[in-house]
Amino acid sequence: MVFGTFDMIHAGHESLFLQARALVPDPYLIVSVARDANVARIKGRLPRNVESTRRDQAGAHALVDEAVLGDSEGSVPHIVSAKPDIIALGYDQAGEYVEGLEEELRKRGLTTTIVRLRAHEPETYKTSFLIGEA
């Protein structure tokens, strides 16, 4: 399972998907797409595309098996529902949704492994750079 806003799918996201899929022999990749309100609160602006469009675009990508919307508050309930074996975090994911995540999952009976993926040309492939908001 991976997480993000996914306002557009670019080579950095494709690298994230490929790295996540490479973690297991027979992958089933779930992409959790951030809710509009959460993006606005964390990034200080709404995404260019609404959450349903971003979910549909992520779900249509050949490397993605399933795309879901994240939780309106917090992040744990939809993770518990999905029961992922692995959560693959992007190189730049930090803050409230990452801190204490493993402990929260353990409290709910999950043994999910959390790994950190490497960056793929972050000076080029970051959505805010590509759409001119950086």
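**Histidine 78, two helices, two cores and a pocket**

I would like to begin with a single side chain, that of histidine 78, which makes a polar contact with the side chain of aspartate 71 at 2.8 Å. Please keep in mind throughout that this is a predicted model. The same histidine 78 side chain also reaches the backbone oxygen of serine 75, here at 3.1 Å. As for its place in the fold, histidine 78 sits in helix H4, which runs over residues 76-82. Is histidine 78 buried or exposed, by its relative accessibility? The value is 11%, and because buried means under 20% relative accessible area, histidine 78 counts as buried. If we leave aside the neighbours within four places in sequence, histidine 78 is in contact with Met1, Phe3, Ser32, Val68, Leu69, Gly70 and Asp71, so that aspartate 71, the partner in the polar contact, appears in that list as well.

Let me now step back to the chain as a whole. The protein chain has six helices and five strands, and read along the sequence they follow the pattern β-α-β-α-α-β-α-β-α-β-α. Of its 134 residues, 39% count as buried. Among contacts with a separation of 6 or more, 71% are between residues 24 or more positions apart.

Next, a pair of helices. In helix H2, residues 36-43, the buried residues are Asp36, Asn38 and Val39. Viewed down the axis of H2, these buried residues fall within an arc of 160°, and they therefore line one face of the helix. What they pack against is helix H3, residues 51-59. Just after H2 comes glycine 44, which takes a positive phi of about 80°. Turning to H3, the buried residues there are Glu51, Arg54 and Ala58. They cover an arc of only 65° around the axis, which puts them on the same side of H3. The elements that cover the buried residues of H3 include E2, H2 and E3.

That brings me to the nonpolar cores. In soluble globular proteins, nonpolar side chains tend to be buried together. Which members of the largest nonpolar core touch the most other members? Of its 15 residues, they are Val2, Phe6, Phe17, Leu29 and Val31. The elements that give two or more residues to this core are helix H1, residues 11-21, together with strand E2, residues 30-33, and strand E3, residues 66-69. H1 provides the largest share, namely three residues. For phenylalanine 17, again leaving aside the neighbours within four places in sequence, the contacts are Val2, Phe6, Ile9, Leu29, Val31, His61, Leu63 and Val64. Apart from this core lies another, of 10 residues, and among them are Phe3, Ile87, Leu89 and Leu105. Phe3, you may recall, is also one of the contacts of histidine 78.

Finally, a word on the second largest pocket, whose volume is about 210 Å³. It is lined by 16 residues, of which the closest to its centre are Met1, Val24, Tyr28, Asp85 and Ile86. H1 and strand E4, residues 86-89, each supply at least two residues of that lining. Met1, one of the residues closest to the pocket centre, is likewise in contact with histidine 78, and with that we are back at the side chain with which I began.

Notes. Residues numbered from 1 in each chain as written. Predicted model: local features only at pLDDT ≥ 70, side-chain atom pairs only at ≥ 80, totals over all residues. Heavy atoms only, no water. Buried < 20%, exposed > 50% of the residue type's maximum accessible area, 1.4 Å probe, protein only. Helix = DSSP H or I, 4+ residues; strand = E, 2+ residues; numbered from the N terminus. Arc of directions from axis to C-beta. Contact = heavy atoms within 4.5 Å. Polar contact = N/O pair within 3.5 Å; in protein donor to acceptor, adjacent residues only side chain to side chain. Core = buried A, V, L, I, M, F, W, Y, C linked by side-chain atoms within 4.5 Å. 1 Å grid on protein atoms, 1.4 Å probe; cavity = no way out; pocket = protein on both sides within 12 Å on 5 of 7 lines; lining within 4 Å. Points joined across faces, edges and corners; volume = space filled by probe spheres on them.
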